[in-house]
Amino acid sequence: MHSYSSSDNARLTSVVVFGPIATVDFGSDKGTHFVTFDVNYLSKATTQVGSSTVLVSPGYVGCPDLQVFTNTHINQVVQKPYTISSGKGISLKLAADLAIFPRTPAVVIQVNNEIQKLTDTRTLTKDYEDMHGFTVSVDWKRGAGDCLSHFAIQIDNFEKAD
């Protein structure tokens, strides 16, 4: 799901995968590519201007209605509020791919004072612009008996051009 907008964005961003398998497609065989794998699944948001925050639920594989495994030890994805700011102003782009099944908890994304409760099987893109900055949080806890809901969220931030 995640694609980098620039080489600087790739350098500033990490992607956490809650799974035993990860595929990295560099999109080209030209140039230098790098990837680092770490066994620590807990990450914190990247708050540097020009970076992305990527959150992936356990079991997400990128296909609607398909989950190849269930991680019973990780039943929530919580991104505590973080702030991104710049004197030039900031733009955010939110992209989500989700399959949240009926009667199960929604993925709750808060950008400043606007709350999005994501449910259903769908994709979502939304752009935000602000003169000063943003405070962002994400919260999802797997419901009892729900072993199929899964999602990926990418939040890109950009400094406004002069």
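**Exercise 1. Is R103 buried or exposed, and where does R103 sit?**

Solution, step by step. Keep in mind as you work that the model is a predicted one.

- Begin with the place: R103 belongs to the loop between β3 and β4.
- Next, take the relative accessible area, which is 84% for R103. Exposed means over 50%, so R103 is exposed.
- Now look at the backbone: the phi of R103 is near 60°, a positive value in a residue other than glycine.
- For background, most residues other than glycine have a negative phi.

**Exercise 2. Find D120 and describe its backbone and its accessibility**.

Solution, step by step.

- D120 lies in strand β6.
- Although D120 is not a glycine, its phi is positive, about 80°.
- The relative accessibility of D120 is 49%. Partly exposed covers the range between 20% and 50%, so D120 counts as partly exposed.

**Exercise 3. Outline the whole protein: how many helices and strands are there, and in what order do they run?**

Solution, step by step.

- Count the elements: the protein has one helix and eight strands.
- Read them from the N terminus on, and the order is α-β-β-β-β-β-β-β-β.
- Then consider burial: of the 162 residues, 40% are buried.
- Finally, consider how the chain meets itself. Take the contacts between residues at least 6 apart in sequence: 76% of them join residues at least 24 apart.

**Exercise 4. Explore the largest nonpolar core: which residues touch the most other members, and which element gives the largest share?**

Solution, step by step.

- This core has 23 residues, and those touching the most other members are L92, V107, I109, F151, I153 and I155.
- Two or more residues each come from β2 (76–85), β3 (90–100), β4 (107–111), β6 (120–130), β7 and β8.
- The largest share is that of β3, with six residues.
- Now zoom in on I153. Setting aside neighbours within four places in sequence, its contacts are T53, V54, L55, L94, A95, A96, V107, I109 and V138.

**Exercise 5. Locate L118 and list what L118 touches**.

Solution, step by step.

- L118 is part of strand β5 (residues 114–118).
- With a relative accessibility of 1%, L118 counts as buried.
- Not counting residues up to four places away in sequence, L118 touches A96, L98, I100, A106, V107, I109 and L124.
- Compare sequence and space for L118 and F151: they are 33 residues apart along the chain, and their C-alpha atoms are separated by 9.8 Å.

**Exercise 6. How many aromatic pairs does a search of the whole structure find?** Describe the geometry and surroundings of each.

Solution, step by step.

- The search finds two aromatic pairs.
- One joins Y128 and F134, with 6.3 Å centre to centre and 70° between the planes. Planes over 60 degrees apart count as edge-to-face, and this pair is edge-to-face.
- Both partners can be checked for burial: Y128 is buried at 8% relative accessibility, and F134 is buried at 3%.
- The other pair is W140 with F151, also edge-to-face, at 5.2 Å centre to centre and 80° between the planes.
- W140 lies in strand β7 (residues 133–141) and F151 in strand β8, so this pair ties together parts that are eleven residues apart in sequence.
- Like the partners before them, W140 and F151 are both buried.

**Exercise 7. Study D156: which side chain of opposite charge is nearest, and which side chain does D156 join in a polar contact?**

Solution, step by step.

- Place D156 in strand β8 (residues 150–159).
- D156 is buried yet has no salt bridge. A salt bridge needs a distance within 4 Å, but K93, the nearest side chain of opposite charge, is 6.1 Å away.
- The side chain of D156 does make a polar contact of 2.9 Å with that of Q154.
- Leaving out neighbours within four places in sequence, D156 is in contact with S51, S52, S91, L92 and K93.
- Turn to the partner, Q154, which is also in strand β8. At 5% relative accessibility, Q154 counts as buried.
- To finish, pair Q154 with V54: they are 100 residues apart in sequence, while their C-alpha atoms are 4.5 Å apart in space.

Notes. Residues numbered from 1 in each chain as written. Heavy atoms only, no water. Helix = DSSP H or I, 4+ residues; strand = E, 2+ residues; numbered from the N terminus. Buried < 20%, exposed > 50% of the residue type's maximum accessible area, 1.4 Å probe, protein only. Lys, Arg positive; Asp, Glu negative; His and termini not counted. Polar contact = N/O pair within 3.5 Å; in protein donor to acceptor, adjacent residues only side chain to side chain. Contact = heavy atoms within 4.5 Å. Phe/Tyr/Trp six-rings, centres within 6.5 Å; stacked < 30°, edge-to-face > 60°. Core = buried A, V, L, I, M, F, W, Y, C linked by side-chain atoms within 4.5 Å.
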